[in-house]
Amino acid sequence: MKKSKRVVIVDDNIDITGVFADIFEVTGNKVVGIGHDGRDALELFLKHKPDFIFIDVMMPVMNGIEALKAIKENEPNAKVIMVTADNSTNTIMELEKLNATAIIFKPFKIEDIINVIEKFED
């Protein structure tokens, strides 16, 4: 039996965080934190040290790219999955440069989310 993963979800859209939380709970993973802006992402990551953190790119206060950068500065091996509707070359290149673990593009399929966790399990 595979080990349950501890996950943090950060998106300014409450419906999206709810969908992600439902997916993780059904697949036997544990949601240890939900946030709605980049500052929440950094704080929840530092507090919980999750196995995975899913972060939306476009958010208020601190965007997802800034949060990714701050998290990677604290923990270079953090598994940070970025979620975005922005598939522009600039955004993709920036996320890759900052060493995002994976990028999920909106609209996404439930399988995309499950596959990311399975693909990057230790």
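Q: A polar contact is a pair of N or O atoms within 3.5 Å; within protein, one of the two must be able to donate a hydrogen and the other to accept it. Which backbone nitrogen lies 2.9 Å from a polar atom of the side chain of Thr 84?

A: The model under discussion is predicted. In it, the nitrogen belongs to the backbone of Asp 86, and the separation from the polar side-chain atom of Thr 84 is 2.9 Å. Thr 84 itself is found in strand E4, which covers residues 80–84.

Q: How is one to decide whether Thr 84 is buried or exposed?

A: One compares its relative accessible area with a cut-off: a residue is buried if the value is under 20%. Thr 84 has a relative accessibility of 1%, so it counts as buried. Leaving aside residues up to four places away in sequence, Thr 84 touches Asp 56 and Val 57, and also Ile 103, Ile 104, Phe 105 and Lys 106.

Q: What is the order of the strands in the sheet?

A: To read a sheet, one follows the pairing from strand to strand. Here 5 strands form an open sheet in the order E2-E1-E3-E4-E5, with parallel pairing. Strand E2 (30–35) and E5 are the edge strands, each pairing on one side only. From one strand to the next, the twist averages 20°.

Q: How many bridges join E1 to E2, and how many join E1 to E3?

A: Strand E1 (residues 6–10) pairs with E2 over 5 bridges in the parallel sense, and Ile 9 has Ile 34 in E2 as its bridge partner. Between E1 and E3, which also run parallel, there are 4 bridges; the partner of Val 8 in E3 is Ile 53. Further along the sheet, 4 bridges join E3 to E4, again in parallel, and Ile 53 has Val 80 as its partner in E4.

Q: Which residues of E3 lie on one side and which on the other?

A: The general idea is that side chains in a regular strand alternate between the two faces of the sheet. In E3, Phe 52, Phe 54 and Asp 56 are on one side, while Ile 53 and Ile 55 are on the other. Both faces of E3 are covered, and 5 of its 5 residues are buried.

Q: Which residues of helix H3 are buried, and what do they pack against?

A: For a helix, one may list the buried residues and then look for their partners. In H3 (residues 64–74), the buried residues are Gly 64, Ile 65, Ala 67, Leu 68, Ala 70, Ile 71 and Lys 72. They pack against helix H2 (38–48), strand E3 (52–56), E4 and helix H4 (89–97). At the N-terminal end of H3, Asn 63 acts as a cap, with a side-chain oxygen 2.9 Å from the backbone nitrogen of Ile 65.

Q: At what angle do H1 and H5 pack, and what is this arrangement called?

A: Helix H1 (residues 14–26) and H5 pack at about 55°, and their axes are 11 Å apart. This angle makes H1 oblique to H5. The crossing of H1 past H5 is right-handed. In the contact, Phe 20, Ile 23 and Phe 24 of H1 meet Ile 110, Ile 113, Ile 114 and Ile 117 of H5.

Q: Where is Pro 107, and is it buried or exposed?

A: Pro 107 is in the loop between strand E5 (102–105) and helix H5 (110–119). A residue is exposed if its relative accessible area is over 50%; Pro 107, at 80%, is therefore exposed. The peptide bond leading from Lys 106 to Pro 107 is cis, with omega near -5°. Although Pro 107 and Thr 84 are 23 residues apart along the chain, their C-alpha atoms are separated by 8.5 Å.

Q: Which residues have a positive phi although they are not glycines?

A: Lys 49 and Asn 99 are two such residues. Lys 49 has a phi of about 45° and is placed in the loop between H2 and E3; with a relative accessibility of 44%, Lys 49 counts as partly exposed. Asn 99 has a phi of about 70° and is in the loop between H4 and E5; its relative accessible area of 46% makes Asn 99 partly exposed.

Terms used. Residues numbered from 1 in each chain as written. Heavy atoms only, no water. Helix = DSSP H or I, 4+ residues; strand = E, 2+ residues; numbered from the N terminus. Buried < 20%, exposed > 50% of the residue type's maximum accessible area, 1.4 Å probe, protein only. Contact = heavy atoms within 4.5 Å. Pairing = 2+ DSSP bridges. Axes fitted to C-alpha atoms, helices over the stretch in contact; angles between N-to-C directions. Parallel < 35°, antiparallel > 145°, perpendicular 65-115°, else oblique. Left-handed = near helix turned anticlockwise from the far one by under 90°.
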